[in-house]
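Here is a friendly walk through the covalent and charged links of one protein chain. Have the model open as you read.

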Amino acid sequence: ATRDDLHVVSDGNTIQYLPNGDKFMPRIYEIISAAKEHDFIFLACWELNEEMILDPRPGDAAHNEKTKLINAFDAARLRGVEIKILYTWGLASGGSYAEGVCERVNKRLGANICILDNRHGHASTGSSHMKVWAARLQGHLVAFSGSMDTSSGRFDTADHCGLEDPKVCLEPTDAVHRYAWHGSMYEIQGGAAEDILTTFVARWNDPVKPQGHKNLPILPSVQEMLSGWETDLPEVLLPKDPEQVSVQVVRTVSCSGTTEKWLSPISNLFQNFAPSGEYTVAASWYKSLSKAKKYIFVADQFMHFDEALAAVIEAAAHVDFVIILTDKAQQYLYFDLPLLGKQQIDTKVWETAIQYHQWQAIVEAAAKKDPTGELGKKLHMFSLMREDKDGSNAEDQIYDHEKTLLIDDEFALVGSAGVERASFTNDNEVSIAVESKTWVQKLRKKIFAEFLLLDPSDPVLESPDSAFGEWMRQADLGTERVRHYNPNGDVGLVNQWLSDGIYNFVEPDGRCGKDHEDQWPGTWGYETSE
């Protein structure tokens with residue numbers, strides 16, 4: 001079905017790249033602090049910790065207290081700013097933790113501020129995975145989209161020292177995220193920001209109300225929200241990079257969520273904006289890869305959706321090299337126990353499951369596509385480690401949580417949608433597709449510079465070929481951030497069975513079957529024409 005609520009493509013957008021928590025979270029604090037009476041701040045997230053310090057400063061307790069998310073929101077509320085939060089809810093996301101966050105936020109800020117929302121494809125195991133902010137400041141709209149929640153373990157700097165960083169140590173922790181973390185957000189002004197706001201409003205105003213919120217107030221239309229303002233652009237919104245680019249906002253909206261479910265109150269969703277679901281994330285992925293001619297860079301934490309990666313393997317035959325950056329799925333659970341002190345539990349079964357499906361979707365699939373092995377030689381898999389660490393435990397890693405596809409220094413697909421079955425078919429996702437030779441090249445240089453410990457202006461990053469050579473050189477050393485990575489596919493029959501069970505639980509398929517083939521590329525071929 002053709003969508004009609006968003007721009008097909010909007011021109012004249014400015015986009016600022018905000019890597020890591022120390023670039024994104026202080027920026028969000030600036031936006032919240034600049035909001036005045038009649039302004040609004042809307043947030044849709046997968047996870048949230050209201051105690052996150054948005055601008056941590058070691059030794060400045062008063063500033064840190066002031067810049068906690070909940071305190072920044074409360075100060076904005078007292079100035080007359082409207083705040084709305086959609087927090088995903090389900091077995092695979094949030095759970096009782098989300099309930100506690102929303103309960104505390106609503107107690108502090110007022111009723112119907114933080115809404116637990118399980119209105120997604122599979123209400124139990126799926127999620128609303130989008131991470132978007134939309135704010136109106138004195139009549140001007142700014143939005144953020146990307147891979148980063150404002151939650152425990154997400155704040156980090158480009159130094160990636162983990163809990164050895166005094167700023168990171170100020171932030172709340174949880175039982176899992178005790179390692180360095182790389183994520184990315186994008187600040188957007190222009191028509192694409194309006195599309196992100198439109199998506200938030202449509203989700204909030206879904207005729208099917210979230211459980212426990214039958215009387216949830218309806219938000220006014222986007223046109224009403226943005227009309228009637230004639231003010232100069234606030235200084236806080238002056239873009240650091242004024243280059244204007246064309247953007248398409250793309251989404252995953254589950255077809256399964258639109259259907260009637262017997263005895264379920266969460267049925268017939270999205271009728272106000274995507275009555276048959278939407279798979280423009282997938283469409284953008286497949287179409288862009290079918291045009292690749294020089295290189296492909298793809299980064300994601302899981303990297304194990306075989307159908308999506310089949311397109312990467314197909315395109316590899318037509319490019320010089322493919323860089324696949326992902327994580328080894330090393331996880332520990334950390335606890336402080338009476339008498340025993342600090343303890344950690346190695347969740348080896350999770351690591352085995354992720355690596356097995358990575359191996360299936362990339363290594364085995366490439367070998368089947370080309371038994372000679374020549375195609376596989378173009379596919380280069382990497383993970384990130386802290387410099388001079390041997391990578392033997394979870395604390396050594398730099399967990400790469402970005403969701404990035406770069407092609408030929410001409411196209412970028414970035415946002416919340418990862419290379420997962422759930423992200424492509426079931427979960428609520430928002431990403432942006434950008435086609436611009438100058439902007440994408442600058443983005444590639446910035447991303448590579450952080451991983452290769454270089455300045456973005458370093459001559460070795462000027463061309464994709466020389467940059468790739470530096471990736472290989474550093475990975476061969478085995479002591480730098482970039483490390484060669486080969487997922488383990490030799491796991492045995494029992495672990496294969498367990499791995500499939502884990503995969504099918506955390507990666508629900510939100511497609512509706514043959515009746516909706518027009519929304520999903522069943523067969524596709526490589527584009528040879530311009």
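## The Cys255–Cys512 link

With -110° about the S-S bond, the disulfide of Cys255 and Cys512 is left-handed; a disulfide here is a pair of cysteine sulfur atoms within 2.5 Å. Cys255 sits in the loop between strand S9 (245-253) and strand S10 (278-279), and Cys512 in the segment after helix H14 (492-506), so the bond ties together parts that are 257 residues apart in sequence. Helices (H or I, at least four residues) and strands (E, at least two) are DSSP runs, numbered from the N terminus. The two sulfurs of Cys255 and Cys512 are 1.9 Å apart.

How exposed are the two ends? Cys255 is buried, with a relative accessible area of 0%, whereas Cys512 is partly exposed at 26%. Buried means under 20% relative accessible area, exposed over 50%, and partly exposed in between (1.4 Å probe, protein chains only).

## How the model was read

This is a predicted model, in which local features need pLDDT of at least 70 and side-chain atom pairs count only at pLDDT 80 or more, while totals for chains, interfaces and linings use all residues. Residues are numbered from 1 along each chain as its sequence is written, and side-chain values use heavy atoms, with hydrogens and water left out.

## The other cysteines

The count comes to two disulfides, in the pattern 1-2, 3-4 when bonded cysteines are counted along the chain. Cys102 and Cys114 form a disulfide with an S to S distance of 2.0 Å. This bond connects helix H4 (residues 96-109), home of Cys102, with strand S4 (residues 114-117), home of Cys114, twelve residues apart. The Cys102–Cys114 link is left-handed, with -55° about the S-S bond, and both Cys102 and Cys114 are buried.

Why is Cys161 not bonded to Cys169? The sulfur of Cys169 is the closest cysteine sulfur to that of Cys161, but at 10 Å it is too far for a bond. Cys161 is partly exposed at 28% relative accessibility, and Cys169 is partly exposed at 46%.

## Salt bridges

The whole structure holds 31 salt bridges, each a side-chain nitrogen of Lys or Arg within 4 Å of a carboxyl oxygen of Asp or Glu. One of them pairs Arg27 with Glu187 (2.8 Å, N to O). Here helix H1 (residues 21-34), with Arg27, is linked to strand S8 (residues 184-189), with Glu187, 160 residues apart. Arg27 is buried at 13% relative accessibility, and Glu187 is buried at 5%.

Lys294 and Asp465 also form a salt bridge, their closest N and O atoms being 2.8 Å apart. Asp5, Arg251 and Glu278 are linked in a salt-bridge network.
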